[in-house]
Each structure stands twice: as C-alpha cells, then as structure tokens.
Amino acid sequence: MERFYDGQLVAIEDSRLVFRRETVYSDGKRERSVEMKPLRQANTVDTFAAAKQAAPETAPADQEKSAKPAPEKP
C-alpha cells in the first residue's frame, strides 16, 4: 500500500485505482471511506503521441542520405 496525505492507495485494477481515506475531525471523530478513481483509457491520439516520443525523428538530411543506395564496389 502506498500512503498519501490523508489515505492509502490500496489497489490498482485494470480500469481503476482504489483509495482508502480516513478523515479526522477536530472533535476526534474519525470517518473512513473508500474512493475509486477510473483510469483514463488510452485513445488513438495518446497512442500516436507515445509512439512518437518513443522513436525520435531523424533529420531530413539524414533521411535523404539513407534513401540513396550505396555505390557498388567493383
């Protein structure tokens, strides 16, 4: 479990995070609750952005050089 300011992360599931939170009031009363936060589902834009970050682009000059075949040696 990962402790946070006023609670704990108790589970990581396929589609959500589960937190257990404890609130302590000034009169000493304690209130416990469970909160579930949905995980954002990756969409097409996110997928392309991640792929672009993972593979750095080559400079246009480098692309031209790699497009030309190497001269054959006799």
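These legends go with close-up views of a predicted model, starting from Arg-21 and moving out to the strands around it.

**View 1. Arg-21 sits in strand β3.** Strand β3 covers residues 16–24. How exposed is Arg-21? Its relative accessibility is 31%, so Arg-21 counts as partly exposed, given that this class lies between under 20% for buried and over 50% for exposed.

**View 2. The contacts of Arg-21 reach residues further along the chain.** Leaving aside residues up to four places away in sequence, Arg-21 touches Asp-6, Gly-7, Glu-31, Arg-32, Ser-33 and Glu-35. One of these, Glu-35, also makes a polar contact with Arg-21, side chain to side chain, at 3.3 Å. For a sense of distance, take Tyr-5: 16 residues separate Tyr-5 from Arg-21 in sequence, and their C-alpha atoms are 9.2 Å apart in space.

**View 3. Strand β3 pairs with strand β2.** Here you can follow β2, residues 7–12, running antiparallel to β3, with five bridges between them. Look for Gln-8, which stands opposite Arg-20 of β3. The two strands form a hairpin, and three residues lie between them.

**View 4. Strand β3 also pairs with strand β4.** Strand β4 spans residues 30–38 and is antiparallel to β3, this time over nine bridges. A handy landmark is Glu-22, found opposite Arg-32 in β4.

**View 5. Gly-28 belongs to the hairpin of β3 and β4.** Five residues lie between the strands of this hairpin. If you are checking backbone torsions, note that Gly-28 takes a positive phi near 90 degrees.

Technical notes:
Residues numbered from 1 in each chain as written. Predicted model: local features only at pLDDT ≥ 70, side-chain atom pairs only at ≥ 80, totals over all residues. Heavy atoms only, no water. Helix = DSSP H or I, 4+ residues; strand = E, 2+ residues; numbered from the N terminus. Buried < 20%, exposed > 50% of the residue type's maximum accessible area, 1.4 Å probe, protein only. Contact = heavy atoms within 4.5 Å. Polar contact = N/O pair within 3.5 Å; in protein donor to acceptor, adjacent residues only side chain to side chain. Pairing = 2+ DSSP bridges.
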